[in-house]
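Q: Could we go through this model together? I would like to begin with the cysteines and then turn to the overall fold.

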Amino acid sequence: YFSSKPMSSPLVIALAYDRLCTFEFACAVELFSLDRPELNVEWYRFQVCAIEAGKLRAAGGILVEAPYSLRRLDQLKQGDIIVVPGWRDTDEIPPQELLKKIRAAYARGVRFCTICSGIFVLAAAGILDDRKVTTHWRYAEKLQLAYPSLLVESDDLYVDDGQIISSAGSAAGLDMLLYLVRKD
């Protein structure tokens, strides 16, 4: 899928991986990939990047095949967005190549939106020190213990800390993404 939208519109990349959270991923796909001519504004460009090769299993038995690899993250610039759906296992450190690409994108001014346990990916990348974040209530204490330099706001639906916006559970992720659209 190649977008014919202007290069000036922000590029949103949703990360895909094995054991993907289907609802959270679908929120990003539905919101950013469909044209919105009724709004009479320049809409986002949208792509999906796989963090690993091959077909990816998602919740509900769905298979996802992403057209782009992590190399695509190298082309993101300030104002573009990476959406991180809930991470597959809060005890699993994400692949080092992904963490390296996230750090580089962050340094270039790329914005991040994490849904539910997706915040663990950014925490593992080391870009959240002294930032306010949130996650699903059942992960809040674990996140705070694992990354004590974070300011975990466990009662918020989403937290906007500038370059990084994080949400609590899955449905809060949709609210967060709609907030981002309104803000843009």
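A: Certainly. A disulfide is taken here as a pair of cysteine sulfur atoms within 2.5 Å. Please bear in mind that this is a predicted model.

Q: How many disulfides does that rule give?
A: The count is zero disulfides.

Q: Why is Cys 49 not in a bond?
A: The closest cysteine sulfur to that of Cys 49 belongs to Cys 113 and lies 15 Å away, which is too far for a bond.

Q: And Cys 116, which cysteine sulfur is nearest there?
A: That of Cys 21, at 6.7 Å. Cys 116 is in no disulfide, because a pair would need its sulfur atoms within 2.5 Å.

Q: Are Cys 49 and Cys 116 buried or exposed?
A: Cys 49 is buried, at a relative accessible area of 0%. Cys 116 is buried too, with a value of 7%.

Q: Changing topic: what is the secondary structure of the chain?
A: The chain has five helices and ten strands.

Q: How compact is the chain, given its length?
A: It is as compact as a globular protein of that length, because its radius of gyration of 15 Å is close to the 16 Å that the globule rule gives for 184 residues. Along the principal axes, the C-alpha atoms fill a box of roughly 45 × 35 × 30 Å.

Q: What share of the residues is buried?
A: Buried residues account for 51% of the 184 in the chain.

Q: And what about the contacts between residues far apart in sequence?
A: Taking contacts between residues at least 6 apart in sequence, 65% of them join residues at least 24 apart.

Q: What does the surface look like in terms of area and atoms?
A: The accessible surface is about 8900 Å², and carbon and sulfur atoms contribute 54% of that area.

Q: How many charged side chains are there, positive and negative?
A: There are 21 positive and 24 negative side chains. The centres of the two sets are 6 Å apart.

Q: One residue to finish: where is Ile 119, and is it buried or exposed?
A: Ile 119 lies in helix 3, which covers residues 119–125. It is buried, with a relative accessible area of 0%.

Q: Which residues is it in contact with, neighbours within four places in sequence aside?
A: Ile 119 is in contact with Thr 114, Leu 128, Val 133, Thr 134, Thr 135, Leu 143 and Ser 166.

Q: How far is Ile 119 from Thr 134?
A: Ile 119 and Thr 134 are 15 residues apart in sequence, and their C-alpha atoms are 7.7 Å apart in space.

Note on methods
Residues are numbered from 1 along each chain as its sequence is written. This is a predicted model: local features need pLDDT of at least 70, side-chain atom pairs count only at pLDDT 80 or more; totals for chains, interfaces and linings use all residues. Side-chain values use heavy atoms; hydrogens and water are left out. Buried means under 20% relative accessible area, exposed over 50%, partly exposed in between (1.4 Å probe, protein chains only). Helices (H or I, at least four residues) and strands (E, at least two) are DSSP runs, numbered from the N terminus. The radius of gyration is taken over C-alpha atoms; the globule rule is 2.2 Å times the number of residues to the power 0.38. Contact means heavy atoms within 4.5 Å. Accessible areas come from the Shrake-Rupley method with a 1.4 Å probe; for residues, only the protein chains shown count as cover. Lys and Arg count as positive and Asp and Glu as negative; His and the chain ends are not counted. The place of a charge is taken as NZ of Lys, CZ of Arg, CG of Asp or CD of Glu.
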